[in-house]
Amino acid sequence: MISSRLLNLNKLFLIGMMALLPFGLAAQSLGDISSIKVDDLSDQQIQVLMNRATEAGFSEAELLQMAQLRGVPDTEIEKLKERLEGMVFGLQGGQKPSTSGPKRSPRRQMGFNEITQGIIPQEEKLEDDKSASEPIFGLDFFYSKDRRLTFEPNLNMATPRNYILGPGDELYVDVYGQSEQFYEASVTPEGQVILENIGPINVSGLSLDEATEVIKNRLSVFYTGLRGSQPNTFLQVNLGNVRTIKVNLVGEVRLPGTFTLSAFSTVFNALYAAGGPNRNGTMRKIKLIRQDKEIAEIDIYNFLTKGEQGLNVSLQDQDVIWVQPYLERVKVEGAVKRPKIFEIKPGESFADILSYAGGFTDEAYRERVNVTRMTDKEKAVSDIYNEQFSLFLAKGGDQYKIGEVLDRYTNRVQVKGSVYRPGNYAFQEGMTLSELIKKAEGLSGEAYRKRINIVRTNDDLTTQMLQIDLGAIEAGLSPDIPLKREDVVQVPSIYQLSEEVYVKVSGEVLYPGTYPYSQDMTSEDLILMAGGLKEAASVANIEIARRTADQEGREFSQIIPVPVRQDLELSENPIGLLPFDHLTIRRKTNFSLERMASIEGQVNAPGTFAIRDAEERISDLIERAGGLTAFAYPRGATLIRRTEFYQTASEDIRKERNLLNLLERLNRENVAPTESQKQMIDRINAYLFGEKDSSQNDMEESVINARRTLLNEISASREEVDPIKIKETEAIAIDLEEIIKNPDSKYDLILEEGDILSVPRQLQTVRLRGDVIYPTTVRHETSRGLPYYINRAGGFDSRAKKRRTYVVYANGEVSRTKNFLLFNLYPKVEPGSEIIVPTKGPRIPIRPGDLVGLTTGLATIALVITQILNNR
C-alpha cells in the first residue's frame, strides 16, 4: 500500500542517499538517484539512512518501497533489503524497525533543513545563478542559495472537508454511541473502500463530506441507530495518511519533470519542488492544465507584492504546470527600494512597476523619472512626470532611472567655532549676523570678537571672505551684517591667535613634566601640581629658565633663582611664572640612598649590611659579621662586584618596590583598616596606580598587576640582544688572610654598593678540566705538584698545550706555567684549585693537491736560483 507517508519518505530517501553518495554523484541532477550502487555504501552509511527513516516514523518496508518509486533498480533494491536484514540497528531493545506501524499513527513531516542538518552543508545549485549581477524580481523566491523557504504542505492540519478522495487515501471510520465500531481502509485503484463485513463502497472523486454521507447511508443498513431525526449512534469519517499525486512541470523551470507530491500540495508546492521558473520563465502567466483544459492562470507577483494566494489552487493527480517564457521585462534603477528587473503584462503603467519596486526611497527625486525606450531602430529617452505615472504605459525593454534629490540646501546658513551651538540653521530673508549668533545661544567665553569671518558663496560658486568686527556691532559702532543663503560664519577663538602656553618642571619632584599655564601662577603652585618635593630636593637650589628675546642671539635664557620654603607655604613676594618657564629643582649635595653589601659563607653572622661610610673596607665587614668560623677557608674567599654593565634599579623603582611591599602588608594585616590606614592606602594608590579606591579586592588585584609591570620594566633592558656577551658581575681575587692580618692595607679593598663577600668552607679537592685523558676531580694532597694531578686524570691528551697549562685558585687568582729553557715550571696547586689544560685545536691534514702545489713551488724557486747563479 502506497500511503501519503511516501511523500515524506520520498524526500528522506532522496536526501539520505545524497548524503551517502560520493561527492561526484551528489553534485549531479536529481535523476541520477537511479545510479546508486548499494555495494558502494558502507554499513555505517546504511545505518545512518535507516536511523533517519526510523526517526521520521517510516518502516523498512516503506523505505524499500520508496527506493523503488525513485527509480532504483530491482537488483539494487534486493541488495539493500539483504543488507538491512543482516544489520542490527541502535533502537530500543536492539531490534530492527518494525515493518508495520501503529494502527493510527499521526501523519509526519520533516523539513528539508531538519533532515539535512549535519549531512549536507549547502544544497547544490541547480544552474548558474546570474541573478546577483542582473537581479530579476522573484527569481530567487522558489530557489535560493540558503533555501530557507520550503513551501512544504502542512500534513498535520485538519483535512479540508472539500478534499477530493482518490486511490491511495486512507480513511478512518468511527462508529460511536449506542453501537461502537472502528474501520480503517484505503481507497483502492478502482476508487472503492472495502469495510469489513460491509463490502465495497465507491468514494473516488467525492469530497470528504460527500463520502461521509455515502458511507453513512451504507452503514445505516447495519446500524439502525444512525437513522432518523434523533439517532443514538453516530458516524465520523476522517482522513488518515494522505495519498501522493504525480504532477508534471514543463516549460521554463529549473528542473522540469514529474514530481511525486502530497495530495495537499498546491501550485506553489510544485514550483518549489522544481526550483521555480528559470531566467527565461514567466512569473506572471503560469498555467495549470488539468485533463487537457486550462483551469487556472497564476500570477506570482500578486503573492509577492500583495500576499494574495487566491489562485494558488490545490493540485490533483496528473496535473500539468506550464511555465511559458517571460512576457516582457523592464529594468528599474536608482532610488527605489527594489532596484531590479520586472516582468510586465500588457497594459501595465509605470505606477504598477513602481509598486513592484516597493516605491521610492527617502532620497528619491519624485517629480520626474527618466526612461530609455527601445524603438524600431534605436533608443529614445523620455521624461515621466509625477502626474503621468499612472498614464505612462510600460513597454518591454524600458529602463527607468530614478534620481536622488540634490545634495544642496535651499535655505541653509552655518555657524562654526566659538559658539555654544555650532551647526546648520534655517536661513530667512533679512537674517543678520547677530540673529544667527543669538540662535546659536551666543558666543562662548574664548570667542575673539574683533575678527569674525563670513565665507560667502557667489552665484558662480566662487567664494568671498568677509571680515567683521563683532565687538563694534555689539557696541553700536557698526551696522549689523545681513546674511545670504549658504553663508558660513566662523567665530575664532583667542587660543587660535597664539600657540598653546605651558610651563615645565624637572628634577626632584614626584611627577616632573609639562603642565598648563595659568595667570599669576607661582613656583610653589607648579611644585604642588607636580606632586611635591622629593626627599632629595634642595630648596636652596631652585631656579627658573625663562626664554629671552635677545636680538643679538648671545643670551639663550634668563636664569632666575627662586627661594622656596620646604613646606611650600605662602611667601610675601612670590616670583610669578610666565609662559614656557622651566622650573628646575636640583638634588641635595652628596644625597644618596643607603648602600648595601653582603657577606655569606663561613662567618658568624652572614647577611646584608649597610655601608656606613665611604671608607668602609672588607675587614670592617668581617668584623661586623662576627669574624670567621673555625671551618672557614680564607684563601678561597672571593669578592663579587658589579661591573659598569650592571643594570641598577633607579631611585623611583626602588621607591615603588618599597611602597608595594608596604601596600601588601597593609592589605594582609588589616582586613578592616582604620581611617588613617585607608587614607595611606589611597595615597599609595594615587602614586602607584593613579587610583583612589581602597576596597580590598580591587587593591589586591592592583598590587599584583603593578608588581608585574614593575618587574617587566626592571628586566626590559636586560632582554636586549647584544652581540658581545656582557657580564653584570665579576669575581675579584682577594687575599683574605693578608686582609685580616693587616687591616686598612692595600689588600683591604673599600666596599661598594652590591658587593658580596663569599667565604667558603675548608676545601679538599682539585678539579681538572681541558685536554686531559679523563677530566675529573681528585683529592688535594699536600706537597704534590701539578704533574701528579695530571697523571691522576690519565695524563695529557695528544693535542694538549702543556706549556700553556694554568691553575685557577679558589679566590679567583690565576697562575700559569712558566718556561725556562727546555723546562716547564708548573704553578703550585692548593685546595679548591682548578687545573685547566688548553688544546692545540684540530689538526688539519695536508691534501695531496696542496702537497703537489708546495713541491712544485719549491722546485720552481730552486730552478730560478740555479739559473741566477749560472748567469753570474
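Two strands count as paired here if DSSP finds at least two bridges between them. With that in mind, welcome to a quick tour of strand pairing in this predicted model. Strand 16 and strand 20 (residues 488-491) meet that definition, pairing in the parallel sense over 4 bridges. Strands of a sheet pair through backbone hydrogen bonds, either parallel or antiparallel, and examples of each follow below.

**Strand 16 and its partners**

- Strand 16 covers residues 412-417 and is joined by 4 bridges to strand 17, residues 423-426, with the two running antiparallel.
- A hairpin of 5 residues makes the connection from strand 16 to strand 17.
- To find your place in this pair, look for Val413, which has Tyr425 of strand 17 opposite it.
- On the parallel pairing with strand 20, a handy landmark is Lys416, which stands opposite Gln490.

**The five-stranded sheet**

- Further along the chain there is an open sheet of 5 strands, ordered 32-31-37-33-34, and its pairing is mixed.
- The edges are held by strand 32 (777-779) and strand 34 (814-816); each has a single partner strand, so one side of each is left without a neighbour in the sheet.
- On average, neighbouring strands of this sheet are turned by 25° against each other, direction ignored.

**Strands 31 and 37 within that sheet**

- Strand 31 (residues 765-770) and strand 37 (residues 834-837) run parallel and are joined by 4 bridges.
- For a residue to pick out here, try Gly770, whose bridge partner in strand 37 is Val837.

Notes. Residues numbered from 1 in each chain as written. Predicted model: local features only at pLDDT ≥ 70, side-chain atom pairs only at ≥ 80, totals over all residues. Heavy atoms only, no water. Axes fitted to C-alpha atoms, helices over the stretch in contact; angles between N-to-C directions.
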